[in-house]
Structures are given as C-alpha cells and as structure tokens.
Amino acid sequence: MNQTRLLVDGDVVTDQTHTRTPRLAYSELVANSEPTTLTLEATIDTEIRTTRRTCTEYNATQRSCLVWDRQTRYRSESITVTDSLDVQPYQLAVSGYVGRYPDGDLGLVVYTSDPWGGYDRTASQGQVNGVWRFYTARDPSWDTLIQRTSDGTDRSHSPVHPLQVHAFPIEVGPTATPKPGVTILDTFGEDLTPPSLPQNVSLDVVEEPYTGSYGLATRWESSGPNSLAHEDAVTAQGLVYGIETTRSLESFARVPIHESNLTLSIQNRSDETVRLRLTLRNDDTGGPIDTRGRDGYLLVDGERLETNATGIATLTIPAESTGVSARYVPGQWWLDIPGYTGDSDSIYVRSPVLDLLSTLFVFAVPVSLFLLAVLLIDRITGWHLWPPWRTL
C-alpha cells in the first residue's frame, strides 16, 4: 500500500506510507454531544506489465514461428478504498451528592456521563462494581490470507489477528463489597434485555432483565471521623481500558441529613370517633417538616398522610380502635434539602373508663412495690413495722 490515512470528521490526523501493516496512533479527540466519524483510507498502487508477442517469421512447413517480436509495456493504476465508523469519544465525567447520616454513616450518590464499570473510595476498602464483564474475540475469517497471481492462488496464515473487546452483563444489578459495610440504596439507569452470546463463547450471562446504570446511591458504614477528609475521593472505572476518573468528595454537592421526630396525640374524642394529631419535626432544630413539597409521607395503618406548613396532620378513626401506629417514610435524602431519616410512634386509643383504670394501674404498681419492700425489710430486721396499723 502506498499510503494509509486516518481521518476524523474529514480531517487527516495521521498517516503511514509504504507498509502493508500500518500502525496509526491518534489521541486528544474532542468529545462532544455529536458522534465523531472515523474514516480509514488506503491508497493502493499497482504496476501492470503487459507483454505482446508478434510472429515476424513463420515456417509454414514446420508450422511454427521462427522469430518472435516481443513488446513489453508498463502502466500504473491506483485505487483508494475507504471505510467509516461513527463513534462517541469516551470521556468519563463524575458528579454526585454526599451527606452524613446522624449515626455517622456516609451517604454517597455518584453519577457518570457514560457507561462505567463501578468505583471505589480512596478512604475506604469498599468498592461498588457494575454489571459488566469483558471478553475478547476475533473473526476467524481473518485467519487466512489469499494471494492471487497470474500463476494461481496462494493461501497463507495471517500474521495479524484483529481482536475486539465485548462487554456482557454478569449481574442483574450493581454489587458492593464488603457487603456488611456498603449498602446500595438505589440504582439509576435503563432496564435492558440480556443478550445472547455467540455459540463459541461460553460465559455466564444473566437470564433476566438487568439495569445498565449511570448512577448509584450508597450508604457507607462509618469507620472514622464524621468530617470528610481532604483525601477522600471516588475513582470511577470506565468501560474503555485504562480510562478512569478520580474526584474528591469535597467537590460533591453537600446535603445535610437530619433525624425526624414524629409524635402521636389525641386531639379530641366522641362516642363514635377519635381525632388524632400527628406532629412531624426536625429533631435537630425543632422546626416543622412539611411533607407536601417533599418526596416523603406519613403512613398510618396503610393510609398516606401529608403534613402542612406547621408539620401537623390529623386523622379521624373509630372510637373502638385499640391502638394506632404511625411512621414517617422520608424520600431519598439527595432529592430534597435537607434530607431526613425516618421515625415512628404509637398511641393507645382508650375510652374514659379505660383511662381511669390505666391511671389507677400506673399508681398502683409503684405503691405495691413500696409496700412489698417494707414487708420484706420488716421480716428481715424484726422491727415489727408491718402492718402499719399495729401501733394504732
């Protein structure tokens, strides 16, 4: 081949001449939202030799040519072959949210711009792995080269075997290690149908739909100080070999996570109904939590409730109800600022008669325990304090 050229969007970025096995190196493709077209051009020059023989003296008796006139001519021909492929430059970008739970655990949400293989933390031994694994395969039709000449056709084994790397899903979703220390809260991505591999490729592939994620929400068990260290960072591994991106957690968007406080009380009652009052507040500041503008709700016996601007909701239940349990189900902490943890509370709904009996029971227990203690002391010491009316 006379010349082989690589073009990016029509511009030549590298070429090589006078070789049948060119090596074309290129770098620093500008990533953009539009696909980039790679074009490979090869110009092949060939020289054709034509020999023409003319008999200038012929022997009719022998019926053969005695003298031949040979004329040899040469001409050159050139052909250019091309092949193009639309590609998207792979440039992995990482962003996300970070928050600290009240118990010290770290909440971490990591988003990426392109498919990825997972990430690990610099300040932790844990890591999160994506669903992808890889295998390398070649097209066997390239194994044999065919050379045709005027004398026939020759076959030879190709010294070069083009390889291609393929990704395939091995898990239905991301996995975290170590499992006790890292919990996957949510996965953001696209649900995909598992592929079928070629017959000559024997690998374990998932048989049910899987999630190709572009983002992961995780909770990391606390193992150190609650403040983020400057060196704490995430390193995301790309699907393209050798591509990885490291970003400090200090550059992530910070989201405060507070404890919530839910209390149940009886607002009023009648012979038929009891009206309950639910109060939801920020346990750190005491401020009300209005669930109407957040991705969260109160759950009371399977019924969803919303609090108002003062953090209060009401619910009317039948008077014959015995007890009620309520639970605050917060939304994902990274979707609302500030984030909250959940809380619950229970209340026993009783009639006035039961209230009186309950009050008597509450006072009767400590009084009985006191009198029992006096009796035991009297028996042990012989002070003759019992019964207390003995001295009367």
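In this predicted model, strand S22, covering residues 297-300, runs antiparallel to strand S25, residues 323-329, and four bridges hold the pairing together on paper. One spot to look at is Leu-298, which sits opposite Tyr-328 of S25. S22 also has a partner in strand S23, residues 303-305: here three bridges connect the two, again in the antiparallel sense. Leu-298 turns up in this pairing as well, standing opposite Leu-305 of S23. So Leu-298 faces Tyr-328 in S25 and Leu-305 in S23, and strands of a sheet pair through backbone hydrogen bonds, either parallel or antiparallel.

The link from S22 to S23 is a hairpin, with two residues between the strands. Asp-301 belongs to that turn, in the loop between S22 and S23. Asp-301 is not a glycine, yet its phi is positive, at about 50°. Is Asp-301 buried or exposed? With a relative accessibility of 61%, Asp-301 counts as exposed, because the cut-off for that label is over 50%.

A similar backbone feature can be picked out at His-18. This residue is not a glycine either, and its phi is positive at about 55°. His-18 is placed in the loop that runs between strand S2 (11-17) and strand S3 (36-59). Its relative accessibility is 66%, so His-18 counts as exposed.

S2 and S3 bring the story to an open sheet. Four strands make it up, in the order S2-S1-S3-S4, with antiparallel pairing. S2 and S4 are the edge strands, each pairing on one side only. From one strand to the next, the twist averages 20°. Within this sheet, S3 and S4 are joined in the antiparallel sense by 23 bridges. Among the pairs is Ala-42, whose bridge partner in S4 is Val-81.

Val-81 is worth a second look. It is found in strand S4, which spans residues 64-87, and it also helps build a nonpolar surface patch. Which residues make that patch of about 240 Å²? They are Ile-44, Ile-79 and Val-81. Val-81 has a relative accessible area of 40%, so it is partly exposed. That value also lets Val-81 join a patch, because patch residues need over 30% relative accessible area.

Next come two cis peptide bonds, both leading into a proline. Thr-177 and Pro-178 are joined by one of them, with omega at about -5°. Pro-178 lies in the loop between strand S13 (175-177) and strand S14 (182-192). The bond from Ile-337 to Pro-338 is cis too, and its omega is near 0°. Pro-338 is placed in the loop between S25 and strand S26 (339-340), which brings the account back to S25, the strand that pairs with S22.

Stepping back to the whole chain, the count is one helix and 27 strands. How much of the chain counts as buried? Of its 392 residues, 29% do. Contacts reach well along the sequence: taking those between residues at least 6 apart, 62% join residues at least 24 apart. The chain exposes about 25700 Å², and carbon and sulfur atoms supply 51% of that area.

Note on methods. Residues numbered from 1 in each chain as written. Predicted model: local features only at pLDDT ≥ 70, side-chain atom pairs only at ≥ 80, totals over all residues. Heavy atoms only, no water. Pairing = 2+ DSSP bridges. Patch = residues over 30% accessible without salt bridge, like charges linked within 9 Å, V, L, I, M, F, W, Y side chains within 5 Å. Areas by Shrake-Rupley, 256 points an atom, 1.4 Å probe, with all protein chains shown as cover. Salt bridge = Lys/Arg side-chain N within 4 Å of Asp/Glu carboxyl O. Buried < 20%, exposed > 50% of the residue type's maximum accessible area, 1.4 Å probe, protein only. Axes fitted to C-alpha atoms, helices over the stretch in contact; angles between N-to-C directions. Contact = heavy atoms within 4.5 Å.
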